[in-house]
Amino acid sequence: MRTRRWPWGLLSAFALATGLSVLLLPTGSSQECRDAGAGTLSCIEQGTTLLSVQGAGVVPVLLLPAVLCLVPVFAPLRLVAQAAAVTVVVFCVVSALSVGLFYLPVGIVGLVLAVRRPDNADPLDQQPAPVVRPLS
């Protein structure tokens, strides 16, 4: 059975925005203090991002949920959508101590999209049942 493509595309865009936010927004701070002379300290506090701490090697990991959510867009089968959703949830669980919890809404919405009724089961799209008349 086929699935709708646009919700998965929207979910992929949300996962991409989540990844970019985690990558570029300050997630920590560092403080550097130096002796300014005469017994005083000069301290500078700076915000740190995941990109500045971990480097560019973390980018493919952060893009993985967005790419997984794009798979049902190009292969709109229900089984493919279910596999993509389960894989995103597994990603959330495995990476829960680092970035996985940021992607938990993506995983939950992906599961909902994957297990909902197929498009052709929509009662508004179905043909009316034939009327059976008794023989007289």
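Which residues in α1 meet residues in α5? In this predicted model, P7, W8, L11, F14 and A15 are the residues that α1 brings to the contact, and α5 answers with P105, V106, V109, G110, L113 and A114. By class, the contact of α1 with α5 has ten nonpolar residues, one polar residue and no charged ones.

**How α1 packs against two helices**

Two packed helices are described by the angle between their axes and by the distance between the axes. The table gives these values for the two pairs that involve α1.

| Helix pair | Angle between axes | Distance between axes |
|---|---|---|
| α1 (residues 6-24) and α5 (residues 104-115) | about 170° | 10 Å |
| α1 and α3 (residues 59-74) | roughly 175° | within 8 Å |

Angles over 145 degrees count as roughly antiparallel, and α1 and α5 are therefore roughly antiparallel to each other. By the same reasoning, α1 and α3 are therefore roughly antiparallel to each other.

The contact of α1 with α3 involves W8, G9, L11, S12, A15, L16, G19, V22 and L23 on the α1 side, while V59, L62, L63, P65, A66, C69, L70, P72 and V73 stand on the α3 side. Sorted by class, this contact has 15 nonpolar and three polar residues, with no charged residues.

**The two sides of α4**

Helix α4 covers residues 78-94, and at 1.5 Å a residue its 17 residues should span 24 Å, which agrees with the 24 Å that separates its end C-alpha atoms. The buried residues of this helix are A81, A84, A85, V88, F91 and C92. Because these buried residues cover an arc of only 120° around the axis, they lie on the same side of α4. On the other side of α4, by contrast, L79, V93 and V94 are exposed. What covers the buried residues of α4? The cover includes α1, α3 and α5, so that the helices already described as partners of α1 appear here again.

**A buried residue in a strand**

Strand β2, which covers residues 40-49, contains T49. Is T49 buried or exposed? A residue counts as buried when its relative accessible area is under 20%, and T49, at 18% relative accessibility, therefore counts as buried. Leaving aside residues up to four places away in sequence, T49 touches L23, L24, L25, P26 and T27. One of these, L23, is also among the α1 residues that meet α3.

Technical notes. Residues are numbered from 1 along each chain as its sequence is written. This is a predicted model: local features need pLDDT of at least 70, side-chain atom pairs count only at pLDDT 80 or more; totals for chains, interfaces and linings use all residues. Side-chain values use heavy atoms; hydrogens and water are left out. Axes are lines fitted to C-alpha atoms, for helices over the stretch in contact, and angles run from 0 to 180 degrees between N-to-C directions. Helices (H or I, at least four residues) and strands (E, at least two) are DSSP runs, numbered from the N terminus. Angles under 35 degrees count as roughly parallel, over 145 as roughly antiparallel, 65 to 115 as roughly perpendicular and the rest as oblique. Contact means heavy atoms within 4.5 Å. Ala, Val, Leu, Ile, Met, Phe, Trp, Tyr, Cys and Pro count as nonpolar, Asp, Glu, Lys and Arg as charged, and the others, Gly among them, as polar. The expected span of a helix is 1.5 Å times one less than its number of residues. Buried means under 20% relative accessible area, exposed over 50%, partly exposed in between (1.4 Å probe, protein chains only). The arc is that of the directions from the helix axis to the C-beta atoms.
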